[in-house]
Amino acid sequence: MKQEKSNLLYKEAIERIPGGVNSPVRACKSVNRNPLFIKKADGAYLFDEDGNRFIDYIGSWGPMILGHRDPDVISAITSVLEKGTSFGAPTNLEIKLANLIIDVIDSVEMVRMVNSGTEAAMSAVRLARGYTGRDIIIKFDGCYHGHADTFLVEAGSGVATLSIPGSPGVPKSVIEHTISVPYNDIDAVRKIMKEKGSMVAAIIVEPVAGNMGMVLPEKDFLVKLKELTLANGSVLIFDEVMTGFRVAHGGAQSVYGVDPDITCLGKIIGGGLPVGAYGGKKEIMRYIAPEGPVYQAGTLSGNPVAMAAGIATLTKLGEPGFYDALSEKANYLAKGLKLAAKNAGVNVKVYTAGSMLGLFFTDKEVKNFDDAKKCNSDMFVKYYTNMLERGIYLAPSAFEALFVSSVHGKELLDKTIEAAEESMKEI
Ligand SMILES: *Cc1c(COP(=O)(O)O)cnc(C)c1O
């Protein structure tokens with residue numbers, strides 16, 4: 001595979017941008033490579049500066065559920081551009097996107113738009129603290145809620161990939177209010193709630209964890225979290241930045257039948273533009289300024305271009321059968337990957353939730369961050385490299401999920417499965 005042009009650009013980039021990238025996981029450090037510089041994308045494909053073509057399973061880390069350059073999304077963005085890019089005043093588009101979210105996610109009665117998932121989770125926690133008048137936050141090891149101070153304790157995604165235990169620059173006084181416990185460990189949560197329940201503002205969780213690879217919640221884990229927060233007057237926050245409109249139309253909460261008090265969204269709802277949102281019951285959301293005392297604001301929040309991309313995307317997701325067809329693709333791929341591994345004599349565990357997939361190099365079930373960390377990382381690096389050489393673009397970290405889009409046709413899935421079998425045989 002040619003990589004001369006990307007390598008040259010990388011050399012230039014690292015002198016001007018820390019690590020040459022504007023988000024750490026893109027640097028491909030954990031797979032011992034230089035990043036590929038992307039020139040363009042179309043449908044399920046990415047094209048790099050050297051002219052290589054890849055079948056894309058990152059989908060910009062989640063947003064591109066319709067594939068790249070969906071014609072309806074592009075035309076919605078284009079038509080808004082002719083009217084302006086930002087007004088700093090309310091528009092009809094914001095109501096439309098709010099409605100598309102509220103109509104589908106039962107627990108959300110009101111929603112506030114922000115510019116990223118980080119902002120959504122950060123603001124949700126501030127709201128929970130303001131609403132309860134408490135400070136403690138319970139989170140789970142290996143879950144990622146963006147890069148706000150509060151969450152940089154045993155975090156997933158790039159923090160896990162780069163083995164950063166926390167981060168310098170985060171005051172102890174901030175994270176002393178954060179308690180992180182193993183995912184799926186309801187007894188650990190119960191114990192903390194027994195001791196400190198009256199001081200716990202919120203439990204925040206990825207209802208399907210997608211930032212330590214993909215890890216499913218065990219039966220009743222989410223139900224029990226709901227019971228514990230109810231009993232202690234704490235707020236339950238589902239961080240559905242990744243899972244919202246991904247694992248099902250109504251998000252993971254619709255699959256597991258648990259209504260959180262606050263839901264964080266991002267990624268898909270922006271249709272490839274920078275958007276995040278947090279929403280919930282009116283009673284709680286009315287605590288946000290200007291209706292309430294909890295302050296949160298944004299110069300470009302709800303800007304028309306991003307709203308238009310979100311509206312076009314969510315409108316298409318509402319078409320009958322969309323999610324059934326998408327899940328079918330993911331299940332087909334998962335089945336194929338399992339068989340590929342079997343044929344190659346390699347032990348893997350493959351999980352799916354809607355169109356999210358997790359593949360771990362292990363023979364044991366993966367239920368939490370510790371399990372994920374015990375998987376064979378050397379095998380992952382080799383697999384990743386072999387797949388890339390065969391034109392399959394996977395996340396450059398064992399602690400990330402795979403995403404299938406609606407334009408990943410059977411032919412591309414078969415190609416991927418074939419490449420996986422060859423790649424695993426060469427490990
Ligand atoms: C991606 C992600 C975030 C952070 O969103 P950004 O837009 O990158 O700030 C937060 N929570 C979850 C679950 C995510 O997957």
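This briefing walks through the ligand site, the enclosed and open spaces, the salt bridges and a few backbone oddities. The model is a predicted one, so treat everything below as computed from it. In brief, there is a ligand with Thr118, Tyr144 and Asp239 among its surroundings, three cavities of 30 Å³ or more, and 15 salt bridges. There is also a cis peptide bond, the one from Ala289 to Pro290.

**Around the ligand**

- The residues around the ligand include a run of Ser116, Gly117 and Thr118, and another of Tyr144, His145 and Gly146.
- Further along the chain, Glu206, Asn211, Asp239, Val241, Met242 and Lys267 complete the surroundings of the ligand.
- Thr118 makes its contact through the side chain, where an N or O atom sits 2.6 Å from an oxygen atom of the ligand.
- Asp239 also uses its side chain: a polar atom there is 2.7 Å from a nitrogen atom of the ligand.
- Tyr144 works through its backbone instead, with an N or O atom 3.1 Å from a ligand nitrogen.

**The largest cavity**

- Of the three cavities of 30 Å³ or more, the largest has a volume of about 120 Å³.
- Its lining takes in Gly213, Gly358, Leu359, Phe380 and Tyr383, and also Leu394, Ala395, Ser397, Ala398, Glu400, Ala401 and Leu402.
- Strand E12 (356-360) and helix H14 (377-389) each give at least two residues to that lining.
- By class, the lining of the largest cavity has eight nonpolar residues, three polar ones and one charged one.

**The second largest cavity**

- The second largest cavity holds about 50 Å³ of space.
- From the earlier part of the chain, Gly43, Asp56, Ile58, Gly59, Met64, Gly67 and His68 line the second largest cavity.
- Arg246, Phe403, Val404, Ser405 and His408 also belong to the lining of the second largest cavity.
- Here the split is four nonpolar, six polar and two charged residues.

**The second largest pocket**

- Turning to open space, the second largest pocket has about 440 Å³.
- It is lined by 22 residues, and those nearest its centre are Glu94, Arg112, Met113, Ser301 and Gly302.
- Helix H3 (92-102) and strand E4 (110-114) are the elements that supply two or more residues to this pocket's lining.
- The lining of the second largest pocket divides into eleven nonpolar, nine polar and two charged residues.

**Salt bridges**

- Side chains of opposite charge can pair when their charged atoms come close.
- The count for this model is 15 salt bridges.
- One of them joins Glu218 to Lys367, with the closest N and O atoms 3.3 Å apart.
- Glu218 is in the loop between strand E7 (200-205) and helix H8 (221-232), while Lys367 is in the loop between E12 and helix H13 (369-373), so this pair ties together parts 149 residues apart in sequence.
- Both ends of that bridge are partly exposed: Glu218 has a relative accessible area of 33%, and Lys367 has a relative accessibility of 37%.
- Glu291 and Arg286 form another salt bridge, at 3.2 Å from N to O.
- In that pair, Glu291 is exposed at 52% relative accessibility, whereas Arg286 is partly exposed at 37%.
- Asp363 and Lys364 also pair up, with their closest N and O atoms 4.0 Å apart, and Lys364 is exposed at 59% relative accessibility.
- Asp70, Asp72 and Lys316 are joined into one network by salt bridges that share partners.

**Backbone features**

- The peptide bond from Ala289 to Pro290 is cis, with omega near 10°.
- Pro290 belongs to the loop between helix H10 (282-285) and helix H11 (304-317).
- Ser60 is not a glycine, yet its phi is positive, at about 60°.
- Ser60 sits in the loop between strand E3 (53-56) and helix H2 (71-81), and is partly exposed at 42% relative accessibility.
- Glu154, likewise a residue other than glycine, has a positive phi near 50°.
- The loop that holds Glu154 runs between strand E5 (136-140) and helix H5 (158-161), and Glu154 is partly exposed at 33% relative accessibility.

How values were computed: Residues numbered from 1 in each chain as written. Predicted model: local features only at pLDDT ≥ 70, side-chain atom pairs only at ≥ 80, totals over all residues. Heavy atoms only, no water. 1 Å grid on protein atoms, 1.4 Å probe; cavity = no way out; pocket = protein on both sides within 12 Å on 5 of 7 lines; lining within 4 Å. Points joined across faces, edges and corners; volume = space filled by probe spheres on them. Helix = DSSP H or I, 4+ residues; strand = E, 2+ residues; numbered from the N terminus. Nonpolar A, V, L, I, M, F, W, Y, C, P; charged D, E, K, R; others polar. Salt bridge = Lys/Arg side-chain N within 4 Å of Asp/Glu carboxyl O. Buried < 20%, exposed > 50% of the residue type's maximum accessible area, 1.4 Å probe, protein only. Near = heavy atom within 4 Å. Polar contact = N/O pair within 3.5 Å; in protein donor to acceptor, adjacent residues only side chain to side chain.
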